[in-house]
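Here are my notes for a first look through this one. Have the model open beside you and take the points in order.

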Amino acid sequence: MRETLVLNASFEPLSAVSLRRAVVLVLQNKAVIEHAHPGMRVRAADVDLPVPLVIRLCRYVRVPFRRRAPWSRRGVLVRDRHRCAYCGRRATTVDHVVPRSHGGGDTWLNTVASCAEDNHRKADRTPEQAGMRLLSTPFEPTPSDALLLALGAAERDGLPEWLALPA
């Protein structure tokens, strides 16, 4: 199902919602369409509007300050674009750079996406001990970046230039 990015009235990314929820927010005049999918429309008896990719709330919503994006396995895979940090192939698992048995934790800076083969080959060792090299350094995304990364690739490609993530 298509995801729609919701921006606060201040253009700050808030969340991603289903197409259905986005259309309801627009029809209730709680949001306006900032960016629409070219050539696609939602039509009903009394409704004809473009399919929204990005909507902006009409009123500012106060959000508790989020210092950090919450860590998750899915978040690590999305951050690394489902590419193995050791060989560059498709990643299906998450690997701890410093294994949990050696004191490494579930953090953004200690986990990378990995293919099952490299994860098994590295086993309970650090990359240096296993003779493996990381192709990219793990980083901690901001909450806004994590939200934009969580959007599907098709939705991310359709975002306006002023909102898209740097490559």
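1. Start at Ser-72, where a polar atom of the side chain lies 2.8 Å from the backbone nitrogen of Gly-75. That sort of pair is a polar contact (N or O atoms within 3.5 Å; within protein, one must be able to donate a hydrogen and the other to accept it, and residues adjacent in sequence count only if both atoms are side-chain atoms). Ser-72 sits in the loop between β4 and α2 (73–79). With 30% relative accessibility, Ser-72 counts as partly exposed; buried means under 20% relative accessible area, exposed over 50%, and partly exposed in between (1.4 Å probe, protein chains only). Look also at Thr-111: it is 39 residues from Ser-72 along the chain, and their C-alpha atoms are separated by 9.8 Å.

2. Before going further, a word on what you have open. It is a predicted model, in which local features need pLDDT of at least 70 and side-chain atom pairs count only at pLDDT 80 or more, while totals for chains, interfaces and linings use all residues. Residues are numbered from 1 along each chain as its sequence is written, and side-chain values use heavy atoms, with hydrogens and water left out.

3. How far does the predictor trust the chain? The mean pLDDT (the predictor's confidence in each residue, from 0 to 100) is 86, and 87% of the residues reach 70 or more. Confidence is highest in strand β6 (residues 111–114), at 96, and lowest in helix α6 (residues 153–157), at a mean of 53.

4. Now the overall layout. There are six helices and six strands in the chain, taken as DSSP runs numbered from the N terminus (helices are H or I with at least four residues, strands E with at least two). Reading from the N terminus, the order is β-β-α-β-β-α-β-β-α-α-α-α. The chain has 167 residues, and 37% of them count as buried. About 10,000 Å² is exposed, with carbon and sulfur atoms supplying 52% of it; such areas come from the Shrake-Rupley method with a 1.4 Å probe, and for residues only the protein chains shown count as cover.

5. Which strands make up the open sheet, and in what order? Four of them do, as β2-β1-β4-β3, with mixed pairing. β2 (13–18) and β3 (31–43) stand at the edges with a single partner strand each, so one side of each has no neighbour in the sheet. On average, neighbouring strands here are turned by 35 degrees against each other, direction ignored.

6. Next, the pairings, where two strands pair if DSSP finds at least two bridges between them. β1 (residues 3–7) and β2 are antiparallel over five bridges, whereas β1 and β4 run parallel and are joined by three. Leu-5 is a handy marker for both: it stands opposite Ala-16 in β2 and opposite Val-54 in β4. β3 and β4 pair in the antiparallel sense over eight bridges and form a hairpin with four residues between them. Arg-43 has Asp-48 in β4 as its bridge partner.

7. Why call β4 largely enclosed by the rest of the structure? Because seven of its 10 residues are buried. Helix α1 (residues 19–27) lies across β1, β2, β3 and β4 (48–57), and runs at about 85 degrees to β4; axes are lines fitted to C-alpha atoms, for helices over the stretch in contact, and angles run from 0 to 180 degrees between N-to-C directions.

8. Asn-119, in helix α3 (residues 116–122), is worth a stop. Is it buried or exposed? Asn-119 is buried, at a relative accessible area of 19%. A polar atom of its side chain lies 3.4 Å from the backbone oxygen of Val-94. Neighbours within four places in sequence aside, Asn-119 is in contact (heavy atoms within 4.5 Å) with Thr-93, Val-94, Asp-95 and Ser-114.

9. Finally, two backbone details to check. Phe-11, in the loop between β1 and β2, is not a glycine yet has a positive phi of about 70 degrees. Phe-11 counts as partly exposed, at 38% relative accessibility. His-82 also has a positive phi, near 55 degrees, and belongs to the loop between α2 and β5 (93–96). His-82 is partly exposed, with a relative accessible area of 27%.
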